[in-house]
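Visitor: Please show me the molecule we are going to talk about.

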Amino acid sequence: MKTKSKTIIIAVFLIIPLILFLSSYMGFRSQKINNEHLESFKNNLMTTVQQKSHFDMKNITPFEWDRMYIIRPYTSRTEMHEKVGTKWTTADTYIGYLIFDKTWFGEHPLDDDIFQKLVFVKDNKVVLDVTLNRGDADFTQINSPVINDNVLFDIDKTDGRNIIKISKQ
C-alpha cells in the first residue's frame with residue numbers, strides 16, 4: 001500500500017510541472033506574432049518619410065490591418081496589452097518569451113524618449129509590432145487607435161524632425 005502511495009505522489013509531482021509548462025508554452029504559441037513584414041514596412045516608411053510630405057498608410061503597409069495603435073515612450077508592456085486589447089509577443093523562442101515577456105526585464109521595452117511603437121491589428125489580432133526611433137518618424141502627436149479608412153498623414157519636417165500628423169484634408 002505504501003508503494004502505491006509513493007507512486008501516486010511521484011506521479012503528481014511530475015504531472016503538475018508538466019501541465020504548467022504546457023500551459024505556459026501554449027500561451028506563448030497563441031500570443032506569438034511572426035512580424036514577417038517588419039523590414040519591408042520599415043523600409044517603405046523611411047523612404048516615404050524622406051521623399052514625401054504626406055502619405056496614406058495603406059500604400060506603405062504590405063499587409064492587411066484595420067487599426068493602428070501608437071504606443072508612446074515609457075509605456076509598459078502591461079499598458080500596451082490593455083490599450084490594444086490583446087496580448088502578443090514578438091519573441092522568437094519560448095526562452096526569450098519567458099525572460100523578456102514574463103519577467104520584469106521586458107516590462108518596459110520603451111524605456112527612453114526616443115522609442116515608440118506602432119502596433120497594427122487585424123480582426124483583434126496583432127499583425128505587426130514595430131519599434132521606431134522618433135528621430136526617424138514621430139507618431140506621438142496622434143491619438144490612437146487610427147482606423148484604416150483612407151487616413152492620410154502629413155509629415156512636418158520643421159527643424160529636421162519628421163513629425164507625423166493626421167492630415168486635415
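Guide: One term before we start: a residue is buried with under 20% relative accessible area, exposed with over 50%, and partly exposed in between (1.4 Å probe, protein chains only). What you see is a predicted model, so to speak up front: local features need pLDDT of at least 70, side-chain atom pairs count only at pLDDT 80 or more, and totals for chains, interfaces and linings use all residues. Residues are numbered from 1 along each chain as its sequence is written, and side-chain values use heavy atoms, with hydrogens and water left out.

Visitor: Is Arg-161 buried, exposed or partly exposed?

Guide: Take its relative accessibility, 42%. That lies between the two cut-offs, so Arg-161 counts as partly exposed.

Visitor: Which residue does Arg-161 meet in a salt bridge?

Guide: A salt bridge is a side-chain nitrogen of Lys or Arg within 4 Å of a carboxyl oxygen of Asp or Glu. Here the N to O distance is 3.3 Å, and the partner is Asp-138. The pair links distant parts of the chain, 23 residues apart: Arg-161 sits in the loop between β6 (152-156) and β7 (163-166), and its partner in the loop between β4 and β5 (146-147). That partner counts as buried because its relative accessibility is 1%, and its name is Asp-138.

Visitor: How many residues apart are Asp-129 and Lys-117?

Guide: Their side chains also form a salt bridge, at 2.7 Å from N to O. This pair, too, links distant parts of the chain: Lys-117 belongs to strand β3 (residues 115-122) and Asp-129 to strand β4, and the gap is 12 residues.

Visitor: Are Asp-129 and Lys-117 buried or exposed?

Guide: Remember the cut-off for burial, under 20% relative accessible area. Both Lys-117 and Asp-129 are buried.

Visitor: How far apart are the closest N and O atoms of Lys-165 and Asp-156?

Guide: Lys-165 has a relative accessible area of 37%, so it is partly exposed. Asp-156, at 27%, is partly exposed as well. The two form a salt bridge, and their closest N and O atoms are 3.7 Å apart.

Visitor: Which residues do shared salt bridges join into one network?

Guide: The structure holds six salt bridges. Where such bridges share partners, one network results, made of Asp-66, Arg-67 and Lys-122.

Visitor: Where is Leu-20, and is it buried or exposed?

Guide: Helices (H or I, at least four residues) and strands (E, at least two) are DSSP runs, numbered from the N terminus. Leu-20 has its place in helix α1 (residues 2-31). Its relative accessibility is 56%, so Leu-20 counts as exposed.
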